[in-house]
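Biologist: I'd like to learn how to read charged pairs in a model. Can you walk me through it?

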Amino acid sequence: MVASSGPVILSFKRTMGFEIAIDDLDEGFSGLRLWSEIRPDYVKIDQHFIHNIHLDPVKLQFVRSIQAIAAKAGAKIIAEGIESSAELSVIRDLGIAYGQGYFIARPTAAPSREISESIGLLYSGPSPCARHAYCWTGCSQGSLM
């Protein structure tokens, strides 16, 4: 829960250019309540809901609903734990522009700023964002210089 001074602090940080994110949104009411209270710019969906999403209609509906809420709230969704082409295809079809997982790239000390050609071909959507390795549909952040 956000403390009584929380909204003031978040408002101040936003005026300074900070963006707010919720990491690992799960099925609990605490995550949904936090989302409604702080109105984050980004919401990362826990990998539990991404794992085998192509085989589970309940997970698919959950993520579809979260995407709809995010669209209404102006938040961007990040899908965590994408580990197969089938999972990436579902995330792509849902219109989720951000993702991370071993299928996209393994963690490294110096992450790539580009998406591999195989991921780009699989996605076959708009040009990848030049700023974020995890954003494959482009974003409002613009390109790197």
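Modeller: Let's go through the salt bridges, then a helix. Keep in mind that this is a predicted model.

Biologist: What lets side chains of opposite charge pair?

Modeller: They can pair when their charged atoms come close. The cut-off here is a Lys or Arg side-chain nitrogen within 4 Å of a carboxyl oxygen of Asp or Glu.

Biologist: How many salt bridges does that rule give?

Modeller: The count comes to two. One joins the side chains of Glu 80 and Lys 44, at 4.0 Å from N to O. That pair ties together distant parts of the chain, with Glu 80 in strand β3 (residues 76-80) and Lys 44 in strand β2 (residues 42-45), 36 residues apart.

Biologist: Is Glu 80 buried or exposed? And Lys 44, buried or exposed?

Modeller: Buried means under 20% relative accessible area. Glu 80 has 12% relative accessibility, so it counts as buried. Lys 44 has 16%, so Lys 44 counts as buried too.

Biologist: Which side chains meet at 2.9 Å, N to O?

Modeller: Those of Arg 92 and Asp 93, in a salt bridge. Arg 92 is partly exposed because its relative accessibility is 23%, while Asp 93, with a relative accessible area of 58%, is exposed.

Biologist: Now the helix. Which residues of helix α5 are buried?

Modeller: Helix α5 covers residues 85-94, and its buried residues are Glu 87, Leu 88, Ser 89, Val 90, Ile 91 and Leu 94.

Biologist: What does Gly 95 do just after α5?

Modeller: Gly 95 takes a positive phi there, of about 85°.

Terms used
Residues numbered from 1 in each chain as written. Predicted model: local features only at pLDDT ≥ 70, side-chain atom pairs only at ≥ 80, totals over all residues. Heavy atoms only, no water. Helix = DSSP H or I, 4+ residues; strand = E, 2+ residues; numbered from the N terminus. Buried < 20%, exposed > 50% of the residue type's maximum accessible area, 1.4 Å probe, protein only.
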